[in-house]
Amino acid sequence: MTRYDLIERLNRCFRQLEAELFALRDQLLTTPLLAARLFTLPPVLKGHEHDPIHAIRVETLEGPAALRPGLRHFHQLFIHHYPENISSKSAIRLPGALCFAVDARQYQHVSQRVADINALKQELERIVTVETGLEPEQRFEFVHSHLRGLITLSAYRTINVLTDPASVRFGWANKHVINNLTRAELLARLEKSLNAGRAVAPYSKQQWAGHIMEEIAQVRRLPENAVLKIKRPVKVQPIARVWYPAQQKQVQHPCPSPLIVLCQSDRGAQAPAIGVLNHYDAANVRHKYKPQAQTLRLLIPRLHLYTDQPE
């Protein structure tokens, strides 16, 4: 596929996504609202994306006053939709739940529209991250040369639909994204970066290539069966714990955006109990259970790469 065709697909996919998001908004504005609760969080300002988070103050919107802000959040995908001091590099979050009474026809229509939206989001992400063949550092320029100001974190984010839950409770989660790699996979990744011949500020191309060659040498000194893990820290984020009485199980969802809760009124479903999201205070976090972690050594800091092998 030529670059021109790829750009055309990117723009066509995004136009379809925008149209479907506005159609979802209009559809839900005419669907009976049973309950709504949103939690507004302080924005991340430009230049403060990597600041440690010690506390987060939460404000609450409830009932009809929460409906339009909640729906608007789904289609505010550009940085110009927000104050100019807000960072486009950090996720813009609005956790909560919007609960609607639906009959069988409405349930089918809303569920299908959200499925179509999520498929378009996945296609958009695949075009940018896979089909362009670009490294992460180059994708920003590609996206913003064609969709200026797009907040990709928001554009890619899945919309979650819940069906007939009994309760939706909220909390905070601290975690790591963990990827296990083989020695061969890691070497292939490093060699691809080396062959790309790029410079990464503040280094020249030659200096950056030297850094990668040192990393390759470190990895080659490891045995074939070495444990290699990328443990990338993720900042504290809101989550929802949802109880389904029919299945007698609780499901935990990340909750960066409002959950769309569909209550099938023709089956007797009612609005779920909606909990609150308390302020976050890192000093008072208590872990119910924290398993003993395997002792690992940090090998390549920029990749958050750890190994079980001693120096």
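A residue counts as buried when its relative accessible area is under 20%, as exposed when it is over 50%, and as partly exposed in between. With that scale in mind, and remembering that the model on screen is predicted, begin by selecting Ala199, which is partly exposed because its relative accessible area is 44%.

**Stop 1: Ala199 and its surroundings**

Ala199 sits in the loop that runs between helix α6 (183-196) and helix α7 (205-220). If you set aside the neighbours within four places in sequence and display what remains in contact with Ala199, you should find Ser204 and Lys205. Next add Ala209 to the selection and draw a C-alpha to C-alpha distance from Ala199, which comes to 8.0 Å for a pair that is 10 residues apart in sequence.

**Stop 2: two residues with positive phi**

Move on to Gln248, in the loop between β7 (228-244) and β8 (249-254). The backbone deserves a look here, since Gln248 is a residue other than glycine and yet has a positive phi, near 55°. With a relative accessibility of 56%, Gln248 is therefore classed as exposed.

Then select His304, which you will find in the loop between β12 (297-300) and β13 (305-307). His304 is likewise not a glycine, and its phi is positive, at about 55°. The relative accessibility of His304 is 25%, so this residue is classed as partly exposed.

**Stop 3: strand β4 and its partners**

Now select residues 96-102, which make up strand β4; 7 of the 7 residues are buried, so the strand is largely enclosed by the rest of the structure. Show the side chains and follow the two directions in which the residues point: Gly96, Leu98, Phe100 and Val102 go one way from β4, whereas Ala97, Cys99 and Ala101 go the other way, and all of them are buried.

Which strands pair with β4? One partner is strand β1 (residues 33-40), which runs antiparallel to β4 and is joined to it by 5 bridges. To locate this pairing in the viewer, pick Leu38, which stands opposite Gly96 in β4. Another partner is strand β9 (residues 258-264), which runs parallel to β4 and is joined to it by 7 bridges. Here the pair to pick is Cys99 and Val261, the latter in β9, as these two stand opposite each other.

**Stop 4: the cavities**

How many cavities of 30 Å³ or more are there? The count comes to 2.

For the largest cavity, select His73, Phe74, Leu77, Lys121, Ser154, Arg157, Thr158, Ile159 and Ser257, the residues that line it. The space inside the largest cavity is about 60 Å³. By class, the lining of the largest cavity is made up of 3 nonpolar, 4 polar and 2 charged residues.

For the second largest cavity, select Leu21, Leu24, Arg25, Leu71, Phe74 and His75 as the lining. The space in this second largest cavity is about 30 Å³, and helices α1 (3-29) and α2 (64-75) each supply at least two of its lining residues. The lining of the second largest cavity divides into 4 nonpolar residues, 1 polar and 1 charged.

To end the tour, keep both linings on display and centre the view on Phe74, which is listed in the lining of the largest cavity and also in the lining of the second largest cavity.

Key. Residues numbered from 1 in each chain as written. Predicted model: local features only at pLDDT ≥ 70, side-chain atom pairs only at ≥ 80, totals over all residues. Heavy atoms only, no water. 1 Å grid on protein atoms, 1.4 Å probe; cavity = no way out; pocket = protein on both sides within 12 Å on 5 of 7 lines; lining within 4 Å. Points joined across faces, edges and corners; volume = space filled by probe spheres on them. Nonpolar A, V, L, I, M, F, W, Y, C, P; charged D, E, K, R; others polar. Helix = DSSP H or I, 4+ residues; strand = E, 2+ residues; numbered from the N terminus. Buried < 20%, exposed > 50% of the residue type's maximum accessible area, 1.4 Å probe, protein only. Pairing = 2+ DSSP bridges. Contact = heavy atoms within 4.5 Å.
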